[in-house]
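I set out to look up how the strands pair and what fills the interior. The entries below follow the order in which I checked things.

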Amino acid sequence: MSICAAIAFTGGGYAQDPNLPPHFGAVEIRTAWEMDPFLVDIQSGGPIQASTISPACQGWIADKPDYAIYFSSAAIWDVTISAISEADTTLVVHSPAGWSCDDDSGEGLNPQVVIANPPSGRYSIWIGSYRQGDYADARLAFSEHGFTRSNQRRVRAPDLNAEQSREAARLLMESWRGPN
């Protein structure tokens, strides 16, 4: 089990505009969607240092978001946003809760941001490359059930009430972690 060391911050003026149209598209997702995680292929990198958003952010990102997810949340589960790549990637997320960034909290050199009690709204996402001038194939994953490189399978969300859903999520996470 990894511990997410994402940096979250609010306020200030930023060089990146999270409201610009994204490079690779957008999607609307409601909590407990049919197939979790939502996966989309993206190219990482760009000409802008992520540290222009915050000194805690790493890597090089595009001028506008790579992808936007309009999320209708019931705040039942935390949301995990991950990038999976053979290259060293970084992640910058602007959610209704503010800015978050990460370098290596996922598996290997992959970034991961976890947002607790996720609010509804637009999630603008940049997948950066750690080194300037590097552009790499990457997969963006957006999940309420956690996501890692080793479990890139999709899970059908159960049609349950909130308490049953929490228990189903707990059992699912235990099955993904495997025996201790």
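**Strand β9 and its partners**

I looked up the pairing of β9 with β12 (residues 121–129) and found an antiparallel match over six bridges. The model is predicted, and I read every entry here with that in mind. I picked Thr89 to fix the register: its bridge partner in β12 is Ser129.

I then turned to β10 (residues 98–102), which also pairs with β9 in the antiparallel sense, over five bridges. Here Ser95 stands opposite Gly98 of β10. The connection from β9 to β10 is a hairpin, and I noted two residues in it between the strands.

Is β9 mostly covered or uncovered? I went through residues 89–95 and found six of the seven buried.

**The four-stranded sheet**

I traced an open sheet of four strands, with antiparallel pairing and the order β4-β13-β8-β11. Its edges are β4 (38–43) and β11 (112–115); each has a single partner strand, so one side of each has no neighbour in the sheet. I noted an average twist of 15 degrees from one strand to the next.

For the edge strand β4, I looked up the pairing with β13 (residues 137–143), which is antiparallel and runs over six bridges. Within this pair, Asp41 is opposite Arg139 of β13.

**Nonpolar cores**

Which residues touch the most other members of the largest nonpolar core? I found Ile69, Ile81 and Phe142, out of 21 residues in that core. The elements that each contribute two or more residues are β4, β7 (67–72), β8 (79–84), β9, β11, β12 and β13. I also noted a second, separate core of nine residues, with Ala50, Cys57, Ala62 and Trp126 among them.

I listed the contacts of Ile81, leaving out residues up to four places away in sequence. They include Leu91 and Val93, as well as Tyr123 and Ile125. Pro111, Gln112, Val113 and Ile115 are also touched by Ile81, and so are Leu140, Ala141 and Phe142.

**Aromatic pairs**

How many aromatic pairs are there? I counted five. One of them is Phe71 with Phe142, which is edge-to-face, at 5.3 Å centre to centre and with 75 degrees between the planes. Phe71 is in β7 and Phe142 is in β13, so this pair ties together parts 71 residues apart in sequence. I checked the burial of both rings' residues and found Phe71 and Phe142 buried.

Next I looked up Tyr123 with Phe142, also an edge-to-face pair, with 5.7 Å between centres and 75 degrees between the planes. Tyr123 belongs to β12 and Phe142 to β13, so the pair ties together parts that are 19 residues apart in sequence.

Why does Tyr123 count as buried? Its relative accessible area is 0%, and the cut-off for buried is under 20%. I entered Phe142 as buried because its relative accessibility is 0%.

As a last entry, I put the two ring pairs together: Phe71, Tyr123 and Phe142 are linked into a cluster. Phe142 is also one of the residues that touch the most other members of the largest nonpolar core, and it is in contact with Ile81.

Technical notes:
Residues are numbered from 1 along each chain as its sequence is written. This is a predicted model: local features need pLDDT of at least 70, side-chain atom pairs count only at pLDDT 80 or more; totals for chains, interfaces and linings use all residues. Side-chain values use heavy atoms; hydrogens and water are left out. Buried means under 20% relative accessible area, exposed over 50%, partly exposed in between (1.4 Å probe, protein chains only). Two strands pair if DSSP finds at least two bridges between them. Axes are lines fitted to C-alpha atoms, for helices over the stretch in contact, and angles run from 0 to 180 degrees between N-to-C directions. A nonpolar core is a set of buried Ala, Val, Leu, Ile, Met, Phe, Trp, Tyr and Cys residues joined through side-chain atoms within 4.5 Å. Contact means heavy atoms within 4.5 Å. Rings of Phe, Tyr and Trp (its six-membered ring) pair if their centres lie within 6.5 Å; planes under 30 degrees apart count as stacked, over 60 as edge-to-face and the rest as tilted.
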